[in-house]
Amino acid sequence: MDSDLISLVNKLQDTFSNLGGELDMPQIAVVGSQSAGKSSVLETIVGRDFLPRGSGIVTRRPLVLQLIHTPKPDAHGNTEWGQFLHTDKRFTDFDEIRKEIEQETLRVAGQNKGISKLPISLRIYSPNVLDLTLVDLPGLTKVPVGDQPSDIEKQIRGLVQEYIGKENCVILSVSPANVDLANSESLKLARQVDPQGRRTIGVLTKLDLMDAGTNALDVLTGRLYPLKLGFIGIVNRSQLDINEKKAMKDALDSEMEFFKTHPAYRNIAHKCGTRYLARTLNQVLMGHIRDKLPDMKARLNTLMGQTQQELNSFGDAAVFGDANSQGALVLRLMTQFARDFIASIEGTSLDISTKELCGGARIYYIFNDVFGHALELIDSTSGLDAQDIRTAIRNSTGPRPSLFVPEVAFELLVKPQIKLLEAPALRCVELVYEELVRICHNCTSTELQRFPRLHSQIIEVVSELLRERLGPTSEYTQSLIDIQAAYINTNHPAFVSGSAGAARQANSPQQVKALPQPQRPSSTEPVNGIFGFDDEEDENTEDGLSHGNSTRSVSSTVHDRSKIASSAPASGNASSSSTVSRQTRPHQHQHQHQNNKHDATHRPSSTGPTGGRASSPSARDTFLNYFFGQQQNGMPPGTSAAVGGMGFSAAMASGVAPAARDMQQTPAPTGLMAGKQDGNNAAYDMKSLGKHIEAVPTEGAPHLTMREEMETNLIRNLIASYFNIVRQTVQDLVPKAVMHFLVNNSSQQVQNRLVSTLYKPDLFQGLLNEDETIVAERARVKALLDAYKDAFRTLSEMNLKVV
């Protein structure tokens, strides 16, 4: 029964060594310094020379030595033979066993005297051995020798502690007797892992080499260094005996003769020697196995549960032979993928990260922070300077001088600014698309990873669906910008209130430079440079101008809207006008303008020839009032003639602007040769005409006139007002379009697309083709689980026999 225990442990050890099991088998580890006699002790126990010998470090890999007692010879008549775990060859010559150990050591550990943790398993069958399992570890060293690694000491200590640190390991500490026990490295390591000495056996070698008059009796009796399992003294063969090939039986007899005849050891001779050491190790190992049986069973039970769970994660291989089972598996995996894809977008996934934004939260971040911030950074008048606006106004009027700022110029200028919103909108669509692709690649599971081809096909189908939705989403997003640029809706309520504010700012007195004004009668004195009229006179004036010139203008539009704006809530007008004011005029200009209006309301009013009473300026004042305010019926007759005869600068100083923008202060000369009157004035030289039709004036050219500056500011304010309206609309509609055309549509169609594309019986076999590494790992785990079950069943039977 006891031999069955050791055989069982050996079998389990071989099985778990191949499969990589985590069960710690009871075993005996041999620890000692170099040249302490470890190899000689093992060879004496076996009774044959089979271990490599030499100077320096020889044992560079752990050697798991399983001794199996075989009283009968094998079928070939061999009574002793050895067999390695890494090869099926049976060795009857123990010299070949030594060579195989050396070759296997070189194959793994290399030529540089380094060590390796990979063990060599050797099983020796002999009628002269007891059932025993020993592990020969590399000898402890201090200084690297030859081409050994500089940290060889650290490597060896780590390897030794890895073995002896396990509770199921019995430590066989080998120390030479001719060295002070306090300097024993093996006992030092054993005490670190076994402080109480419960699983440490001390072995003293070279007792015959101690100085004359000294002995190790105190050590062997446990008085100097107590161990629960005690110390055992042995005498190994000398190097001369090895060279002369002294027989093992003769060596054992010489050893017993030494202890019986030595005066210090003869009383304990029956507890010394290699034969006693082998019996002791056999009894200690069997007793240790019995003590550890309950723990081993509990550990096996835990390992079986963990291994079964690991095997379940690989899935059942029996499903590959049934077409119905294959279809159900494919459908389940696709449904799970679609569910995880939607859950990641909606934020209901179970694997939500707390370290970074993921899934739908990243899409919201794109809408709110990335796209919104990009729109806010766009300047409404980016790329537009005063010369561009003046050129657009002139080009929109053709050869005719304009009475008012044409509306065509406003549309001509505002449409390219609206197009500036197209690039951020399309980039927003691309970012959301990229995020959906990222979510698609992250939606996976352990079971789906078993089938790399199915996984790649699912990702390809979903990516194709996203690519299909990217085109319509981008086209619709671009159409949103084109729609805004296709029709400039100046009737928009927010633009109406903003236009009224822009008109008030354009008509503010700060637009006119402070020049000395001539004295006027109080009845004709303008308020803020603009004559006020009643509603009836304004309507007559507008009607007359509309019949005289059919071209629509921003000035007339603003005048029309101002009537609507005056009836709108005061809060709305104040909000819109303040928005435009912040972009074009300082706050103090508004304040000054309001004070001027307040002063004008307290001035005495007068009545013109028609009997109409002049009204105070309001939001309805437009360019018509400004440019032709003194030409209305309410103006005295003499004033018109005075204005007609004064120059441009004088007229502007009086608050009156001429009808034509290009009017000079003095009459221009007539005739084809007029340009020769002044050779220095190139304006009348037809050969240099190209210099004067450029958008940017040359050096020395006049700056913007006062009227042009007012027109430019008005156009700029109107563009800013309308651009803000379009920007808010685009910022609201683009995320909605992306969610509808791309995100929601893809989420709704992902499962249907997967089923219609991949759920085909002729594709099941190819889609469920597992990776070769997974197949091999499943086979290994299944074999390990079977080994655990067999070991558990055998240990249970052994437990019953022990009881």
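Here a trainee and a mentor talk through some labels given to a predicted model.

Trainee: Let's start with the helices. What makes α11 and α14 roughly antiparallel to each other?

Mentor: The axes of α11 (residues 360–376) and α14 (residues 422–442) cross at roughly 160°. Angles over 145 degrees count as roughly antiparallel, so α11 and α14 earn that label. The two axes also come within 10 Å, and the crossing is right-handed.

Trainee: Which residues in α11 meet which in α14?

Mentor: On the α11 side there are R362, I363, I366, F367, V370, F371, A374 and L375. Their partners in α14 are P424, A425, C428, L431, V432, E435, L436 and R438. The residues of this contact divide into 13 nonpolar, no polar and 3 charged.

Trainee: C428 is in that list. Why is C428 called buried?

Mentor: Buried means under 20% relative accessible area. C428 has 2% relative accessibility, so C428 counts as buried. C443 is at 5%, and therefore counts as buried too.

Trainee: How do you know that C443 is in no disulfide?

Mentor: A disulfide needs two cysteine sulfur atoms within 2.5 Å. For C443 the nearest cysteine sulfur belongs to C440, 7.0 Å away, so that pair does not meet the cut-off. The count for the model comes to 0 disulfides.

Trainee: One more, please: why is Q27 called buried?

Mentor: Its relative accessible area is 7%, and the cut-off is under 20%, so the label fits. Q27 lies in strand β1 (residues 27–32). Leaving out residues up to four places away in sequence, Q27 touches Q13, T133, V135, Y163, N168, C169, V170 and L285.

Definitions and conventions:
Residues are numbered from 1 along each chain as its sequence is written. This is a predicted model: local features need pLDDT of at least 70, side-chain atom pairs count only at pLDDT 80 or more; totals for chains, interfaces and linings use all residues. Side-chain values use heavy atoms; hydrogens and water are left out. Buried means under 20% relative accessible area, exposed over 50%, partly exposed in between (1.4 Å probe, protein chains only). Axes are lines fitted to C-alpha atoms, for helices over the stretch in contact, and angles run from 0 to 180 degrees between N-to-C directions. Helices (H or I, at least four residues) and strands (E, at least two) are DSSP runs, numbered from the N terminus. Angles under 35 degrees count as roughly parallel, over 145 as roughly antiparallel, 65 to 115 as roughly perpendicular and the rest as oblique. A crossing is left-handed if the near helix is turned anticlockwise from the far one by less than a right angle, and right-handed if clockwise. Contact means heavy atoms within 4.5 Å. Ala, Val, Leu, Ile, Met, Phe, Trp, Tyr, Cys and Pro count as nonpolar, Asp, Glu, Lys and Arg as charged, and the others, Gly among them, as polar.
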